[in-house]
Amino acid sequence: MIKLDKVVKSYKIDEETTFYALKESSVEINEREFVSIIGPSGSGKSTLMHLIGLLDKPTSGEIIVQGRKISQLNDDQVSSLRNEFIGFVFQQFNLIPKLTVLENILLPSFYARKKLEYDPREKAMGLIKRFGLEGKEKSYPNKISGGQQQRVAILRALIMEPKMILADEPTGNLDSKTGGEIMEMLKELNEDEKITIAIVTHEADIAKYGKRAIHVKDGAVVK
Amino acid sequence: MSYFLFIVKSAFEDFRRSKMQTFLTSLGILIGVFAVVTLTAMGLGLKKYISDQFDSLGTNTLFVAPGKLLQGGGFGESSLLGNRFDLKDLNRLKRVRSIKSITPLSSKSGTAKGAKDSEFSTIFFSSEAFFDISGFEIDKGRFLDKRDIDKRAKVLVAGPKIAEKLFGTISEAIDKKVTIDNVSFTIIGVIKSKGGGGFGGPDYDSYFFGPYTTGFIFDPDKKFIRFAMKTDENINISSVKEEVKDAMLKRYKDDEFSIVEPTEILSVVNGIFGIMNIVLVAIASISLLVGGIGIMNIMYVTVSDKTKEVGIRRAIGARKNDILFQFIVEAVALSILGGALGLGLAYAGILLVQPFFPAYMDVTSVALALGVSSVIGIIFGVLPARKAANLEPVEAIRYE
């Protein structure tokens, strides 16, 4: 479904020195998989996640999403791909503080270029009900708990019915009980909705949810 | 909810969260729009006031004045001094057939003493035709008539303001004596108010009107400052002008007199106000420019503050143009907010001065104020918005 082929990410520090954030790596994530990307901080797993999430471009190598080479797409096409294909969940939740819960969930649908086959508002209300956020639709993010904020972030990731959810340390800012609930929610989405899940983590407990692990160490994928 | 409404709403949510900053930022535009709208309203009002004065004269009116009155789009140098006309000219012009009625005009200023009070005033000496030509209506008593002229009667028709000042009420003034420069006159009538006065046009309400023959008491040379005439409505005014010119050329050189239609004076007045307006708008534009720079400055700050937000929006699928649009809308909203407040303030100000000054606000200035503020928002918003749109998603989302 998404394939990173001999991808390198490097930054030129000066004329002679080049810093390799990610050395040549190849990774493939298949449909309906639940993958953990594990590695200590500074290992290059964030860089890998940004590349998989199409937020960053590789210095060399190719990213292929459903048979399409990303290097051949323009910025607008890549934006649309992020919009429709991937749902992001971040460690710091990354909700927009001035928007209500409902508006945050709906936000990706405002950027949709394709015509949606469903009413996003109805869908959002359905998701809010299903994941226990009823009554919070009009609340602002700073008025709800961390666990609730992360659930809102997951619903925002779901509104466009993506093929894949990419979660970067989704439990990093939560206590273990709430973190467990969030992981159960992701597991449910993978099993019931057949959504591909890729989580980036440094915690072995969290990584266990994945059916396959990709290990990143010293700026390279080590399997 | 459409995307557009959504971003307008979230822009105003930002403003609500930082009211003081929003107000201070839009203050520049507020002051600029207030200045432009108020100044043009005053200019427009003045222009309308003067136009109305001339409009009441009708289209078939002509003036003959000494010197070159209108030259190269302005008032000529000798328009206020120069030659003065006499009875010979009057009789000659009376023989021009297409002139329906004619009056010579002269004036005398001095302190007028009435029963209650005294006031510095001016008497216009004219024939009975003047009332028709100027479009006066009588309120109490009567106008001058031909017998008053023939008898050199010491009678005056008063403007309502001066009559009230000197005698308490308009009715009180009728048949009373008024003394100007030791000459005693009887007031035979009071005209209806022509309104206004003080700016540009003559304040007829504060004048007296007497027979031109009586005016010779103050002027042994028996001279007039100008003639006013009404032509037959069915006759082309330019052909009448030619006839009047021929009559005048028998005695005067071409540059010693002018034949003027009120519409010509009006176009000169319009020209002067046009230039005045441009100058006013140019001055006020400076404050709009400063306001625009203020908006640009705060928009750069906003882009820095919202780097993370831009990163989030880009991550979930916003395109560069979506971000560009969002920040431009915010700048325009800020600018229009200032413009609308300035407009409101200007409207209040205009209502406040209207009793004393003929200020007048039209739809054009409202549209212009809002249009100009939107344009300023776009112009000064586009650079910060481009900065936001060109942020790298990965760097923006890492930004803390």
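How many of the nine residues of helix H11 (residues 307-315) of chain B are buried? I opened my notebook with that one, keeping in mind that this is a predicted model.

**Entry 1: helix H11 of chain B**

I went through the helix and found nine of the nine residues buried, so H11(B) is largely enclosed by the rest of the structure. My list for H11(B) reads B:Thr307, B:Lys308, B:Glu309, B:Val310, B:Gly311, B:Ile312, B:Arg313, B:Arg314 and B:Ala315. I was pleased to note that charged side chains are on it, including B:Lys308, B:Glu309, B:Arg313 and B:Arg314. After H11(B) comes B:Gly317, and I noted its positive phi, near 120 degrees.

**Entry 2: domains of chain B**

Next I looked up how chain B is divided. Domain 1 takes in 3-52 + 268-398, while domain 2 covers 84-251. So that I had a distance to go with the bounds, I looked up the centres of the two domains, taken over C-alpha atoms: they are 53 Å apart.

**Entry 3: aromatic rings**

I then turned to the rings. Over all chains, the count of aromatic pairs comes to 26. One of them joins B:Phe131 and B:Phe209, edge-to-face, with 6.1 Å centre to centre and 70 degrees between the planes. I checked where the two partners sit: B:Phe131 belongs to helix H4 (residues 129-134) of chain B and B:Phe209 to strand E10 (residues 207-211) of chain B, so the pair links distant parts of the chain, 78 residues apart. Are B:Phe131 and B:Phe209 buried or exposed? Both are buried. I also found the two in one aromatic cluster, together with B:Phe124, B:Phe130, B:Phe136, B:Phe143, B:Tyr204 and B:Tyr207.

**Entry 4: charges over rings**

Which ring has the charged end of B:Arg17 over it? I found A:Tyr140, a residue of chain A, with the charged end of B:Arg17 at 5.1 Å from the ring centre. Within chain A, I noted A:Lys123 over the face of A:Tyr118, 5.4 Å from the centre of the ring.

**Entry 5: a helix pair in chain A**

I looked at helix H3 (residues 101-110) and helix H5 (residues 146-158) of chain A, whose axes come within 7 Å and cross at roughly 30 degrees. Angles under 35 degrees count as roughly parallel, so I entered H3(A) as roughly parallel to H5(A). The crossing of H3(A) and H5(A) went down as right-handed.

**Entry 6: B:Ile237**

I placed B:Ile237 in helix H9 (residues 237-249) of chain B. Its relative accessible area is 17%; under 20% counts as buried, so I have B:Ile237 down as buried. I also looked up B:Thr61, which lies 176 residues away from B:Ile237 along the chain, with 8.4 Å between their C-alpha atoms.

**Entry 7: positive phi outside glycine**

My last stop was backbone angles. A:Leu54 has a positive phi, near 60 degrees, in a residue other than glycine. I found A:Leu54 in the loop between helix H1 (45-52) and strand E4 (60-65) of chain A, and with a relative accessible area of 3% A:Leu54 is buried.

B:Asp181 is not a glycine either, and I read a positive phi of about 55 degrees there. The loop that holds B:Asp181 runs between strand E8 (177-180) and strand E9 (183-191) of chain B. At 43% relative accessibility, B:Asp181 went into the notebook as partly exposed.

Note on methods. Residues are numbered from 1 along each chain as its sequence is written. Chains are lettered from A and ligands numbered from 1 in the order in which they are written. This is a predicted model: local features need pLDDT of at least 70, side-chain atom pairs count only at pLDDT 80 or more; totals for chains, interfaces and linings use all residues. Side-chain values use heavy atoms; hydrogens and water are left out. Domain bounds come from an automatic or database domain assignment. Rings of Phe, Tyr and Trp (its six-membered ring) pair if their centres lie within 6.5 Å; planes under 30 degrees apart count as stacked, over 60 as edge-to-face and the rest as tilted. Helices (H or I, at least four residues) and strands (E, at least two) are DSSP runs, numbered from the N terminus. Buried means under 20% relative accessible area, exposed over 50%, partly exposed in between (1.4 Å probe, protein chains only). A charge sits over a ring if NZ of Lys or CZ of Arg is within 6 Å of the ring centre and within 35 degrees of the ring normal. Axes are lines fitted to C-alpha atoms, for helices over the stretch in contact, and angles run from 0 to 180 degrees between N-to-C directions. Angles under 35 degrees count as roughly parallel, over 145 as roughly antiparallel, 65 to 115 as roughly perpendicular and the rest as oblique. A crossing is left-handed if the near helix is turned anticlockwise from the far one by less than a right angle, and right-handed if clockwise.
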